[in-house]
Amino acid sequence: MTPPVLDGRVRRSARRKAMPPIRFNDSPESVNTHSKKRKTTPDIKSQRNREDIKEDCTSDGDGGLSAYELERLENIRQNQAFLSSMNIIQAMEELKQFTSPKPSQRGLMRSHAAVKEVLPARKSLRLLNIKAETLTLPPEPSGKLTYTPYLSLKHPAGPQPMNPVNMEQGSKLPSQLLELCSEDLTTERKMDLKLKEYCSALKIMRITEETVAKVVKERVFSAAFHPCTSSLLMATGDMGGHLGLWKLGGDWGDDGVLLFRPHTRPVSCLAFSRAQPTHLLSLSYDGSLRCMDVEKAVFDEVFIEDDLRTFDFLSHDCSTLLVGNRNGEVAIVDRRTPGNSHESLHSLDPKTLRCVSVHPLQKQYFAVAENSSMSILISFDRIYDTSAMTAESPLLTSIRHNMRTGRWLSKLSAVWDPKQEDCFVVGSLSNPRRVEVFHESGKPLHCFKDDENLKTVQSVTAFHPTRNALLGGNSSGRLHVFTD
């Protein structure tokens with residue numbers, strides 16, 4: 001089939017005739033047109049800026065710049081002026097201040113993992129052209145199944161040697177440690193500060209990067225100050241049964257840190273003896289209460305019983321102890337009595353005791369922190385009068401305080417300040433992170449804060465017995481020290 005033949009001329013649109021020829025931007029004529037257009041309508045302000053830049057470059061010895069380079073410099077200047085008008089540079093500097101710095105790298109060094117051996121790639125038997133082995137089922141068990149009872153992790157009975165974990169095997173204790181622990185403590189500061197003066201002394205205390213260090217490997221469960229005054233010597237226990245000693249500014253071990261492991265489970269309570277400063281008592285969930293003797297370089301046994309949680313000295317000579325367990329009971333232990341049992345046992349509350357702290361002067365008073373059944377989010381710090389020890393001790397004061405630390409944080413503990421007979425300290429879950437000091441009446445006195453060096457919850461706290469110093473321990477094994 002042939003197409004039909006159209007007679008006559010083809011009609012074309014008039015608009016097509018009037019259209020100018022299409023020209024591309026890269027054609028020479030378009031370039032000339034734009035260049036002529038620029039020359040006819042110059043920007044007076046832009047031209048002056050170019051002349052100024054050209055004069056500056058000529059004066060500096062960088063003359064002979066092309067028009068393109070001058071235009072580029074002008075664009076850079078305009079961009080910088082635009083950014084400065086929006087205060088972007090200032091905003092970047094302010095943003096750097098809010099970024100959290102890295103934790104302090106002082107103290108225990110991170111152990112480097114051994115280089116793993118590179119093994120050849122695994123291939124299936126099918127790719128290796130190997131026939132698979134035929135497997136047969138094992139014979140059915142005959143008779144009754146026997147179960148072995150679960151045995152909790154405990155250290156062998158008897159004294160344990162003081163061998164630092166973070167030093168070479170066979171290393172001896174530094175001689176400076178025994179000299180520091182044997183320091184004369186006959187001169188003690190008088191506690192005659194009024195409440196207003198005491199608050200002023202708290203406000204002077206500060207924390208720096210040098211007063212933060214990693215002392216133990218795992219979560220801090222307990223901490224205490226040594227009563228020496230020439231230097232700050234601290235002890236802390238962690239979740240894995242480790243016990244760390246840290247001298248602020250010391251040169252032994254890792255930045256003044258010595259690490260031991262006298263227990264197998266969390267070390268929930270620590271305290272130095274005021275009568276014998278070379279003794280450090282530690283209580284653990286493994287059911288043992290031990291005494292670290294720096295002079296003998298051993299960990300001796302003091303009291304053995306299951307479900308131990310906390311303890312404190314009940315006498316001024318530190319020979320009598322008040323030990324609490326998870327059943328809400330407290331036991332009186334006399335270290336002078338042979339053996340490792342208690343003298344008497346008293347029931348306070350069926351709830352689990354988190355902390356027991358005896359008053360520094362009036363030993364018949366002690367504070368207890370425990371979970372409350374009134375609210376799942378709130379717990380109370382309670383103060384008891386034990387001048388007449390009975391089955392139920394009278395409650396003096398109750399302070400509302402959030403104790404819901406959760407699974408990954410140690411429980412908050414309330415501890416008296418030995419320098420001020422009516423004040424105690426406790427950690428806080430509030431933001432920004434802080435450590436709070438209260439009066440025995442329940443009145444808050446001071447909050448320790450620091451945006452740069454205090455960014456974690458300080459579950460464990462302690463005051464120095466004579467100096468203006470406060471420590472706090474977090475869940476990464478670090479101690480934070482506030483001092484004047």
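This section describes the confidence, sheets, salt bridges and nonpolar surface of a predicted model.

Across the chain the predicted model has an average pLDDT of 78, and 73% of the residues reach a score of at least 70. Two stretches fall in the lowest range cited here: residues 26-42, where pLDDT stays under 50 and the model has 5 contacts beyond four places in sequence, and residues 57-61, where the pLDDT is likewise below 50 and 5 contacts are found beyond near neighbours in sequence. Where pLDDT is low, the predicted coordinates should not be read in detail.

An open sheet is built from 4 strands in the order 19-20-21-22, with antiparallel pairing. Strand 19 (415-417) and strand 22 (444-448) occupy its edges and have a single partner strand each, so that one side of each is left without a neighbour in the sheet. From one strand to the next, the twist averages 30°. Strand 19 is joined to strand 20 (residues 420-427) by 3 bridges, the two running antiparallel, and V415 has V425 of strand 20 as its bridge partner. Helix 7 (residues 195-204) lies across strand 19, strand 20, strand 21 (435-439) and strand 22, and its direction makes an angle of about 10° with strand 22.

A further open sheet, also of 4 strands, follows the order 2-25-24-23 with antiparallel pairing. Its edges are formed by strand 2 and by strand 23 (460-463), each of which pairs on one side only. Neighbouring strands in this sheet are turned against each other by 20° on average, direction ignored. Within the sheet, strand 24 (residues 469-473) pairs with strand 25 (residues 478-483) in the antiparallel sense over 5 bridges, and G472 stands opposite H480 of strand 25.

The count of salt bridges comes to 5. In one salt bridge, the side chains of R106 and E210 meet at an N to O distance of 4.0 Å. Because R106 lies in the loop between helix 5 and strand 1 (160-161), whereas E210 lies in the loop between helix 7 and strand 2 (212-214), the pair ties together parts that are 104 residues apart in sequence.

On the surface, F82, L83, M86, I88 and M92 make a nonpolar patch of about 470 Å². The elements contributing two or more residues to this patch are helix 4 (67-85) and helix 5 (88-98), with F82 placed in helix 4.

Definitions and conventions. Residues are numbered from 1 along each chain as its sequence is written. This is a predicted model: local features need pLDDT of at least 70, side-chain atom pairs count only at pLDDT 80 or more; totals for chains, interfaces and linings use all residues. Side-chain values use heavy atoms; hydrogens and water are left out. Two strands pair if DSSP finds at least two bridges between them. Axes are lines fitted to C-alpha atoms, for helices over the stretch in contact, and angles run from 0 to 180 degrees between N-to-C directions. Contact means heavy atoms within 4.5 Å. Patches are made of residues with over 30% relative accessible area and no salt bridge: like charges are joined within 9 Å, nonpolar side chains (Val, Leu, Ile, Met, Phe, Trp, Tyr) within 5 Å. Accessible areas come from the Shrake-Rupley method with a 1.4 Å probe; for residues, only the protein chains shown count as cover. pLDDT is the predictor's confidence in each residue, from 0 to 100.
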